[in-house]
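Morning, everyone. Please bring up the structure on your screens, and we'll walk through some helices, a sheet and a pocket.

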Amino acid sequence: MIGTRRRLWTLLAGGIFAALTQLPAHAQEDLLRRLIITQDADYNGFDYQTLREVDRDTCEAACLNDNRCRAFTYNTQAQWCFLKSDFGALTFVPNAIAGRIVVGPALSESTTRLRESELTAFLALDFVDEARRLAGGLDNIFAPGNRSFSDLLSAAGAARSDDNPALTANLYGAALAIADEDVKVWLGFGRATLLRVGASASESAEIRTRATSAVINAFLRSESDNDRASALVLLGAALELRGLWRPAIKAYRASLDLVQDELVAANLETLVAEHGFRILSHEVDVDAEAPRICIVFSDPPPVARPGLADFISVEGASGLAIEPESGQICIDGVAHGGRYRIQVRAGLPAADGEVLANTAILEVFVPDRSPWAGFAGNAYVLPAGPQSTIPIQSVNTAAVEAEIYRIGDRSLAFALREGIFLRQLESYRAQEIASTGGQLIWTGIVETDGPLNELVTTAIPVTEALCEQLPGVYVITARLPDERRNYWDPDATNGLSFPILG
């Protein structure tokens, strides 16, 4: 997280934000001026001219036509108009009408819907709802006091120059509690909030949530490509800090679609390499009779999409089957002992529309199967008599070490209660048989040599190994010679049931 924060600090200190300044809207005199009107309200103070015995329309026109005017209060009973050079927080006053100047056209409902649809293309609607709750509750979080909107913006700019993000965020928040339509102020508030460091994990989480909501509010109010791009970069940074990697990637991409920026592009490349759609590993199912190589991805590929196998090629091999599965793409038909050079081409899609950014080359060796010995089933019923055998299966081993235990009819209850039958037995369990009414009656080496990597079946002549067939249940265990195992590891076991003779 420290490395991520350092990278984001560099991003937010330069590039698209290097020229980001928070100017009071009234400094932009060449733009359209319009009024926001509030009934039964007053902007207290900052009067520079009083017009007596005028109607409301005259009062509004006087403010709109005077670049000094930032707000007015009109007393409906006295018909007095108070023109103001600045404004602070609204106060409730009956029979008064308050108005303030906003520079720029009003955001249309269609534009608002468009901005929301652009966000919800990669972000859940809950984030937008959370942003609107923040905008509606700013006055409960930040107290502007008696300071004016312009004073708060100037103080916020000074705090930013002093590298004090906590104070900067609070001052911008207080300004927004007075007037919340200025995109640049929302951008400044979101950026400063992002640069804050919480004193605890819970405070840090609250800061990141607030920063996300702040920049969403900036985006929802943005008209220009520059403002939209700036808001999307801040949104990407906020989502990164919250560990929401995929929407963060989409936010950065959307920003670069609007405005190209080297720092943003470099940050996106790093984020994609660390958290984007990528190859996590490859696995070889070496112990299967037919081995396979599976390429494991960070996100599931669209398994039903035609042509997905076209993104995978294997040099020096033919007749291989490429099978997309959940979270991976597998290559069937490879051989034990084979070496394969696999190319996974850039553009391979994930199910959510992301694509593999760079072509990857995998050098994969399929080793021989691990030596193994076991039985094909759990139990056999053998008749009394000669030439009875048990098939033992093995892979890549010349011999198997086997033991046969007998459990007499008087000890069957114990064996049933302890769950000895029809399961693999740990080494200590097999030894318990001899000490709890059973006995070890044979041990020996069974030769099982066969072709490399092929499953070999060898018949163990059980009746030849036993001197006599006494009534009871017999358990045979098998393991690789000199195999090192823990006392509690299971051997390959098989219960052999002989008829109980009368």
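Helix 8 and helix 10 are roughly parallel to each other, because angles under 35 degrees count as roughly parallel, over 145 as roughly antiparallel, 65 to 115 as roughly perpendicular and the rest as oblique. Helix 8 is residues 183-195, and the pair packs at about 25°, axes 10 Å apart. Axes here are lines fitted to C-alpha atoms, for helices over the stretch in contact, and angles run from 0 to 180 degrees between N-to-C directions. Helices (H or I, at least four residues) and strands (E, at least two) are DSSP runs, numbered from the N terminus.

Quick housekeeping. This is a predicted model: local features need pLDDT of at least 70, side-chain atom pairs count only at pLDDT 80 or more, and totals for chains, interfaces and linings use all residues. Residues are numbered from 1 along each chain as its sequence is written, and side-chain values use heavy atoms, with hydrogens and water left out.

Back to helix 8. Helix 8 passes helix 10 in a left-handed crossing, meaning the near helix is turned anticlockwise from the far one by less than a right angle; clockwise would be right-handed.

Next, helix 10 (225-241) against helix 11. The angle is about 160°, and the axes are 8 Å apart. Helix 10 and helix 11 are therefore roughly antiparallel. Their crossing is left-handed.

Now helix 11 (245-258) and helix 12. They pack at about 155°, with axes 10 Å apart. That makes helix 11 roughly antiparallel to helix 12. This crossing is left-handed too.

Stay on helix 12. Which pocket does it help line? The second largest: helix 12 (262-275) gives five residues, the largest share of the lining. A pocket is an open set of points on a 1 Å grid over the protein atoms alone, where a 1.4 Å probe fits, with protein on both sides within 12 Å along at least five of seven lines; lining residues have an atom within 4 Å of a point. The volume of this pocket is about 270 Å³. It has 13 lining residues, and those closest to the centre are Glu269, Val272, Ala273, Ala357 and Asn358.

Last, the sheet. It is open, with four strands in the order 6-7-10-9, paired antiparallel. Strands pair if DSSP finds at least two bridges between them. Strand 6 (279-284) and strand 9 (321-325) are at the edges with a single partner each, so one side of each has no neighbour in the sheet. Five bridges join strand 6 to strand 7 (292-297). Among the residues there, Val284 has Ile293 in strand 7 as its bridge partner.

Conventions: Grid points are joined across faces, edges and corners, and a volume is the space filled by probe spheres set on the points.
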